Amino acid sequence: MNNEYELCWLEYRRLPDWEIACHREWFKSAVPFAQPWEVETALTELKTFARDALGTKMLVENTIQNQRTIILGKIDKLSELFDVPKLEREGSFFLAHRKLSGKDTLVIGAIDTAGLVYGTFEVIKRARLGESFEKMNVVQTPAMPLRMINHWDNLDGSVERGYSGRSIFFEKDRVILNRRTRDYARLLASVGINGVVINNVNVRGKAVQLIDDEKYLKALSKLAEVFGNYGIKLYLSVNFASPMYLGKFETADPLDDRIKKWWKDQARKLYSFIPDFGGFLVKADSEFNPGPHYFGRTHADGANMLAEALEPFGGVVIWRTFVYNCLQDWRDYNTDRAKAAYENFKPLDGQFRDNVILQTKFGPMDFQVREPVSPLFGALERTNQILELQITQEYTGQQIHLCYLGPFWKEILDFDTFARGRGSFVKRIVDGTVFNRKYCGMAGVSNVGRDPNWTGHDLAQANLYTFARLAWNPDELVEKIVDDWITLTFGKDEEVKATIKHMLMNSHRAYEKYTTPFGLGWMVNPNHHYGPNPEGYEYSKWGTYHRANHEAIAVDRSSKGTGFTLQYHSPWREIFDSIETCPEDLLLFFHRVRYDHKLRSGKTLLQSMYDLHFEGVEQVEEFLKAWQRLEGKIDPVKYKRVLERLTVQLEHAKEWRDVVNTYFYRKTGISDERGRKIYP
Ligand code: GCU
């Protein structure tokens, strides 16, 4: 603990005496079976936990002397002592209780240093959750090869769509490196993250120079080292037109030999400073960022040119599919933004080099509170893919509102694309199994900033934690992840645990109800995207229209409309296509619906719209009351911070309710059946 910031789920408060009694003996000594540098980070973490939580000093010894000891090492060395499980993938580890010469040992075994770090954090977590080591027998392998956090941090210290204070990586065009940098690496490694892109996908101004200016490269090499000790690789977002900015070329044409050579030289330079550099993230031909289309080339041409430059060094190119016409005319009824990613990238399937990965937002639009899963996941059979989620709550309440995204993300991961028949879940596509791909995974847009609690809203830490746990194991139950997070963050009081769990698990649905249910989306204020504005995007150029009139609302994306449903495999294409079978929580994403359309409940769309808005606000009222009952049971600083946010959330939820209900009332002239207050 220090004064500037807290440590989220890694804050090791002193455990109660009886728990100390259970674990202290284990943490008195450690015996490594590996080169010192391979176990250094893991040992530091064990010692920190022993000191802070158990009040004991852990000694590192060459032989097993104590009755209880932690052994940690690489499996090749451990296998000389006893049978070890087979581990293959980077980061895998096992934990096992073994008797050696009559002594009890807890073994942490891995194939690489990252695995030792992950195994160590797992041991610490289990100790804090009160698990006994006597019967420990755990083997863990990360599901996703790439478990990435994307920062949208700018070099001036601002954060695009950041709601937690300024950047932890940059200020005044300089790279920040301090104690917090290391603690961030610890937080991420403790949940298995292995890659971080530190700068915004919109690469402008000084950020273009990150890959070139030696002053930056030196600072980045230090940063990469700190992260590298925790098994995390550094990645950078790059501007596709860099050769024009930095190399003074008149073009950035990916098929021009001079441009190819420039990138190759640049890659060599970069790797001479950062030997384990991860690679590039690229937002090209998207929202005014340059890309290969500017030079009459395809995305495959562009991505492959960069991939060729990074390939000799083991780097990858992560190329975003967030490409659409952002200069649409609202009077154009033929263009459908939802179709754009598929239309741009499906024809290129199979044309990308092995070290290119396409990164796709979970939905076809842009991180709305509910969207269907993007059809691109099931469509790219010969291309590496990453699923992009937004941990930062741009459209989900900007960390003022409590909106825990775990259950929603789980639905996305569990969505069956039917690309190769039943069982072709998104989680099995982005872990590489369905299409047998090597590089794939998940990326989350960071919600972290320099606020003392890192995420603005204390409970938004749960989103970061859950994102990482799902990238490690998408089959894990969200309920279990939430339980762990609450206990590690708030302790073991049963009422505290049950209350926070209830709030978290219901918060996304509540937010959806009082904002834009039925997959409608986009009724936000333009630019900053906070608060209600039913026609804020209606006549804009961004392709996000609901076209409400007095009878009906939303875009017909069925085969009779824009044809978006045809981008899905059967049976989804048929299910989404019919207003009768379309899941109701996505009804207004896929269909233009009359207000008097009867839903399965027997209620009209309009009445359901009113009802949900009232219900959503009631839920927030209930969250607030539930939280108030925890006063005295929670650290007062945290209690107050959350209380303040919930209070504002309630006010803003009411604003949403009243603005949206009034909008529909004024369009239709139809009152609420239950006579509740709607402003005429
Ligand atoms: C959204 C967001 C932008 C961001 C973009 C992206 O449109 O509002 O700030 O740059 O997504 O993902 O690239």
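Two strands count as paired here if DSSP finds at least two bridges between them. Keep that cut-off at hand for these exercises, which work through a predicted model.

**Exercise 1. Find out which strands pair with β1, and in which sense.**

Step 1. Start with strand β3 (residues 68–74): β1 and β3 are joined by 4 bridges and run parallel. For a concrete contact, look at Phe-33, whose bridge partner in β3 is Gly-73.

Step 2. Turn to strand β2 (residues 59–60). β1 and β2 also pair in the parallel sense, over 2 bridges, which satisfies the cut-off of at least two. Here Ala-30 stands opposite Val-60.

Step 3. Add the helix. Together with helix α2 (residues 36–54), strands β1 and β2 make a right-handed β-α-β unit.

**Exercise 2. Decide whether β1 is buried or exposed, and check each face.**

Step 1. Recall the cut-off: a buried residue has 20 or more other C-beta atoms within 10 Å of its own.

Step 2. Apply it along the strand. In β1 (residues 29–33), 5 of the 5 residues are buried, so the strand is largely enclosed by the rest of the structure.

Step 3. Separate the faces. In a regular strand, side chains alternate between the two faces of the sheet. On one side of β1 you find Ser-29, Val-31 and Phe-33, and on the other Ala-30 and Pro-32; all are buried, and both faces are covered.

**Exercise 3. Lay out the open sheet and name its edge strands.**

Step 1. Write down the order: the 6 strands run β2-β1-β3-β5-β4-β6, with mixed pairing.

Step 2. Read off the ends. β2 and β6 (137–140) are at the edges with a single partner strand each, so one side of each has no neighbour in the sheet.

Step 3. Look for an antiparallel pair. Strand β4 (residues 93–100) and strand β5 (residues 103–110) pair in the antiparallel sense over 8 bridges, and Phe-93 has Ala-110 in β5 as its bridge partner.

**Exercise 4. Trace the closed barrel.**

Step 1. Follow the 8 strands in the order β7-β10-β11-β12-β13-β14-β15-β16; the pairing is parallel. From one strand to the next, the twist averages 25°.

Step 2. Zoom in on one pair. Strand β7 (residues 146–150) and strand β10 (residues 195–197) run parallel and share 3 bridges, with Ile-149 partnered by Val-196 in β10.

**Exercise 5. Sort the residues around the ligand by class.**

Step 1. List the shell: Glu-160, Arg-161, Val-201, Asn-202, Lys-283, Glu-287, Phe-322, Asp-366 and Glu-394.

Step 2. Count by class. The shell has 6 charged, 2 nonpolar and 1 polar residues.

**Exercise 6. Hunt for unusual backbone geometry in the loops.**

Step 1. Set your expectation: most residues other than glycine have a negative phi, and most peptide bonds are trans.

Step 2. Check phi. Asn-436 has a positive value near 55° and sits in the loop between α13 (426–430) and β16 (441–445). His-529, with phi near 65°, lies in the loop between α16 (494–514) and β17.

Step 3. Compare their surroundings. Asn-436 has 8 other C-beta atoms within 10 Å and is therefore exposed, while His-529 has 19 C-beta neighbours inside 10 Å, so it counts as partly exposed.

Step 4. Check omega. The peptide bond between Ser-570 and Pro-571 is cis, with omega about 5°. Pro-571 belongs to the loop between β17 (552–553) and α17 (572–577).

Conventions. Residues numbered from 1 in each chain as written. Predicted model: local features only at pLDDT ≥ 70, side-chain atom pairs only at ≥ 80, totals over all residues. Buried ≥ 20, exposed ≤ 12 C-beta atoms within 10 Å, placed from the backbone. Right-handed = clockwise from strand over helix to strand, strands pointing away. Near = placed C-beta within 6 Å. Nonpolar A, V, L, I, M, F, W, Y, C, P; charged D, E, K, R; others polar. Axes fitted to C-alpha atoms, helices over the stretch in contact; angles between N-to-C directions.
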